[in-house]
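Let's sit down with a model and practise reading it, one feature at a time. Have the coordinates open while we talk.

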Amino acid sequence: PFAVILCVPTGIFGAFLFQYMRHLENNVYMQIGLIMLIGLMAKNAILIVEFAKVRVDNGMKPVQAAIEAAVLRLRPILMTSLAFIIGCIPLAIATGAGAGARKAMGTTVVGGMIMGTVLGMFFIPVLFVAVEKVAAKLKWLRQRKKISIGS
């Protein structure tokens, strides 16, 4: 779960960056867009982390498992992300009555998904490997502590 949670800030960074570039403010509609964005960023991370974790549990090294999972899940992640981005572009370029709310939400999700997808394809495998190494180190320390207490 830590690798999944740690990748979400890339999407949030993109959302705030695009809002700033378009001179929009942080309002309720942007915050609703952030909630949608967090869900989609977590889904993308779960796709990679789940595949990598299964491979690590079967004996593969974390780095090799993360690379293989990222390669295998690249197309589904890009397809869902691009479909979502393209579907939200009309919100981001809205005009007319109520356009402010649509622009805020659309810019948030489009910008966040663009940055989150681009950066996430690199950060998610790296974060997975880092979390796996920390978990292995903690497991080793716990086993060492049990041995010294039991002796």
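What follows is a short question-and-answer session on helix packing, salt bridges and a few single residues.

Q: Before we start, what kind of model is this, and how are residues numbered?
A: It's a predicted model, where local features need pLDDT of at least 70, side-chain atom pairs count only at pLDDT 80 or more, and totals for chains, interfaces and linings use all residues. Residues are numbered from 1 along each chain as its sequence is written, and side-chain values use heavy atoms, with hydrogens and water left out.

Q: How do I read the packing of helix 2 and helix 3, and what is the angle?
A: Helices are DSSP runs (H or I, at least four residues), numbered from the N terminus. Their axes are lines fitted to C-alpha atoms over the stretch in contact, and angles run from 0 to 180 degrees between N-to-C directions. Here helix 2 (residues 28-57) packs against helix 3 (residues 62-92) at about 150 degrees, with the axes 8 Å apart.

Q: Which orientation do helix 2 and helix 3 have, parallel or antiparallel?
A: Angles under 35 degrees count as roughly parallel, over 145 as roughly antiparallel, 65 to 115 as roughly perpendicular and the rest as oblique. Helix 2 and helix 3 are therefore roughly antiparallel to each other.

Q: Is the crossing of helix 2 and helix 3 left-handed or right-handed?
A: A crossing is right-handed if the near helix is turned clockwise from the far one by less than a right angle, and left-handed if anticlockwise. The crossing of helix 2 and helix 3 is right-handed.

Q: Which residues make the contact?
A: Contact means heavy atoms within 4.5 Å. On the helix 2 side, the residues include Met36, Leu40, Leu47, Ile48, Phe51 and Arg55. Helix 3 brings in, among them, Pro62, Ala65, Glu68, Arg73, Ile77 and Phe84. For classes, Ala, Val, Leu, Ile, Met, Phe, Trp, Tyr, Cys and Pro count as nonpolar, Asp, Glu, Lys and Arg as charged, and the others, Gly among them, as polar. By class, this contact has 15 nonpolar, 3 polar and 4 charged residues.

Q: How many salt bridges are there?
A: The rule asks for a side-chain nitrogen of Lys or Arg within 4 Å of a carboxyl oxygen of Asp or Glu. That gives 3 salt bridges.

Q: Where do glutamate 68 and arginine 55 sit, and are they buried or exposed?
A: Their side chains meet in a salt bridge, N to O at 2.7 Å. Glutamate 68 lies in helix 3 and arginine 55 in helix 2, so the pair ties together parts 13 residues apart in sequence. For exposure, buried means under 20% relative accessible area, exposed over 50%, and partly exposed in between (1.4 Å probe, protein chains only). Glutamate 68 is partly exposed at 28%, while arginine 55 is buried at 19%.

Q: Which residues are joined into one network by shared salt-bridge partners?
A: Lys53, Asp57 and Glu132 are. Aspartate 57 meets lysine 53 at 3.5 Å, N to O; both lie in helix 2, 4 residues apart, about one turn of the helix. Lysine 53 also bridges to glutamate 132, with the closest N and O atoms 3.3 Å apart. Lysine 53 lies in helix 2 and glutamate 132 in helix 4 (residues 99-150), so that pair ties together parts 79 residues apart in sequence. Aspartate 57 is exposed at 54%, lysine 53 is partly exposed at 33%, and glutamate 132 is buried at 14%.

Q: What is glutamate 132 in contact with?
A: Leaving aside neighbours within four places in sequence, glutamate 132 is in contact with Lys53, Val56 and Pro62.

Q: What about arginine 73, buried or exposed?
A: Arginine 73, in helix 3, is buried, with a relative accessible area of 18%. Leaving aside neighbours within four places in sequence, arginine 73 is in contact with Leu47, Ile48 and Phe51. The C-alpha atoms of arginine 73 and methionine 121 are separated by 9.6 Å, though the two are 48 residues apart along the chain.

Q: What is the phi of histidine 23, and where is that residue?
A: Histidine 23 has a positive phi of about 60 degrees although it is not a glycine. Look for histidine 23 in the loop between helix 1 (2-21) and helix 2; at 73% relative accessibility, histidine 23 counts as exposed.

Key. Helices (H or I, at least four residues) and strands (E, at least two) are DSSP runs, numbered from the N terminus.
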